[in-house]
Amino acid sequence: MEHLAVIMDGNGRWAEKRHLPRLMGHRAGAEALDRCMHYCKDAGIKYLTVYAFSTENWKRSEEEVSGLMKLLSGFIHSKEKTLVKERVRFRVIGRRGDLSEKLQAEIADLEARTADGDFTLIVALSYGGRDEIVRAAMKFKGGSEEDFAKCLDTAGLPDPDLIIRTSGEQRTSNFLLWQSAYSEYYFTETLWPDFDRAEFDKALESYAKRERRMGGRLKK
Ligand code: IPE
Ligand code: IPE
Ligand code: MG
């Protein structure tokens with residue numbers, strides 16, 4: 001598998017179960033992301049895309065939104081050195097113009113500093129699949145599916161092979177609508193902050209048993 005994508009869901013419920021503020025769940029979620037990146041590298045996966053904030057997540061309370069934005073900025077600052085050292089290429093997809101100018105500058109800086117990394121971490125921020133398609137359509141001058149894909153935020157990236165969603169929800173919530181045409185899905189009840197190596201291995205084992213026909217014939 002080359003590209004794994006994750007809908008990191010369940011941070012809020014993880015915190016609520018512990019009578020903690022939701023933001024503590026998001027903090028634990030950021031640590032789970034850190035661990036997941038290492039599982040991917042160990043497994044030889046080259047691209048990890050994570051859904052961190054959707055175009056719909058702006059509907060949440062001011063407190064939760066600003067807390068998430070702070071967490072993100074903190075993640076960028078605290079991880080900068082490690083990402084450079086570990087040769088992780090950082091990339092953001094989504095409506096980055098919706099973010100504060102400061103955060104946009106921090107993101108652009110980290111993207112530039114990690115441009116030559118060989119493992120790619122793609123963070124979907126203020127991201128919605130429909131929004132991405134509409135923006136791409138505005139740039140598109142006609143042509144093939146491949147030409148259209150070049151207008152998407154994910155230009156140059158392979159489509160995800162497997163999409164994991166945690167916390168028991170079984171829907172895409174507007175994630176990678178175009179790119180997931182032939183992705184496999186894996187759903188687990190585990191809440192994102194509890195997602196550990198055993199869960200990761202289970203998802204990869206399940207993926208290994210799938211037969212991806214991509215519309216072709218069943219192999220004999
Ligand atoms: C996912 O966790 C992270 C974001 C959407 C930012 P949630 O915050 O959706 O957690 P639940 O679904 O309420 O448990
Ligand atoms: C999807 O989770 C977005 C992220 C994980 C960032 P949500 O919790 O926002 O999705 P719904 O509301 O359950 O569909
Ligand atoms: Mg949720």
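By class, the residues around ligand 2 in this predicted model divide into five nonpolar, two polar and four charged. The shell itself is made up of Ile7, Met8, Asp9, Tyr51, Ala52, Phe53, Asn57, Arg60, Arg165, Arg171 and Ser173. Which element gives the largest share of this shell? That is strand β2 (residues 47–54), with three residues. As for the site, the space that ligand 2 takes up is the largest pocket.

Let's turn to the polar contacts. The table lists side chains with a polar atom close enough to an oxygen atom of ligand 2 to be counted, the cut-off being 3.5 Å.

| Side chain | Partner | Distance |
|---|---|---|
| Asn57 | oxygen atom of ligand 2 | 2.9 Å |
| Arg165 | oxygen atom of ligand 2 | 3.3 Å |
| Ser173 | oxygen atom of ligand 2 | 2.6 Å |

How much of ligand 2 does the protein bury? On its own, ligand 2 exposes 390 Å², and the protein buries 77% of that.

Now for the aromatic rings, where the count comes to nine pairs. One of them joins Tyr39 and Phe200: the ring centres are 5.4 Å apart and the planes stand at 50°. Why is this pair tilted? Planes under 30 degrees apart count as stacked and those over 60 as edge-to-face, with the rest tilted, so the 50° between Tyr39 and Phe200 makes the pair tilted.

The two partners also sit in separate helices: Tyr39 belongs to helix α2 (residues 22–42) and Phe200 to helix α7 (residues 197–208). The pair therefore ties together parts that are 161 residues apart in sequence.

Technical notes:
Residues are numbered from 1 along each chain as its sequence is written. Chains are lettered from A and ligands numbered from 1 in the order in which they are written. This is a predicted model: local features need pLDDT of at least 70, side-chain atom pairs count only at pLDDT 80 or more; totals for chains, interfaces and linings use all residues. Side-chain values use heavy atoms; hydrogens and water are left out. A residue is near a molecule or strand if one of its heavy atoms lies within 4 Å of it. A polar contact is a pair of N or O atoms within 3.5 Å; within protein, one must be able to donate a hydrogen and the other to accept it, and residues adjacent in sequence count only if both atoms are side-chain atoms. Accessible areas come from the Shrake-Rupley method with a 1.4 Å probe; for residues, only the protein chains shown count as cover. On a 1 Å grid over the protein atoms alone, a cavity is a set of points where a 1.4 Å probe fits but cannot get out, and a pocket is an open set with protein on both sides within 12 Å along at least five of seven lines; lining residues have an atom within 4 Å of a point. A molecule sits in a cavity or pocket if more than half of its atoms lie within 2 Å of its grid points. Helices (H or I, at least four residues) and strands (E, at least two) are DSSP runs, numbered from the N terminus. Ala, Val, Leu, Ile, Met, Phe, Trp, Tyr, Cys and Pro count as nonpolar, Asp, Glu, Lys and Arg as charged, and the others, Gly among them, as polar. Rings of Phe, Tyr and Trp (its six-membered ring) pair if their centres lie within 6.5 Å; planes under 30 degrees apart count as stacked, over 60 as edge-to-face and the rest as tilted.
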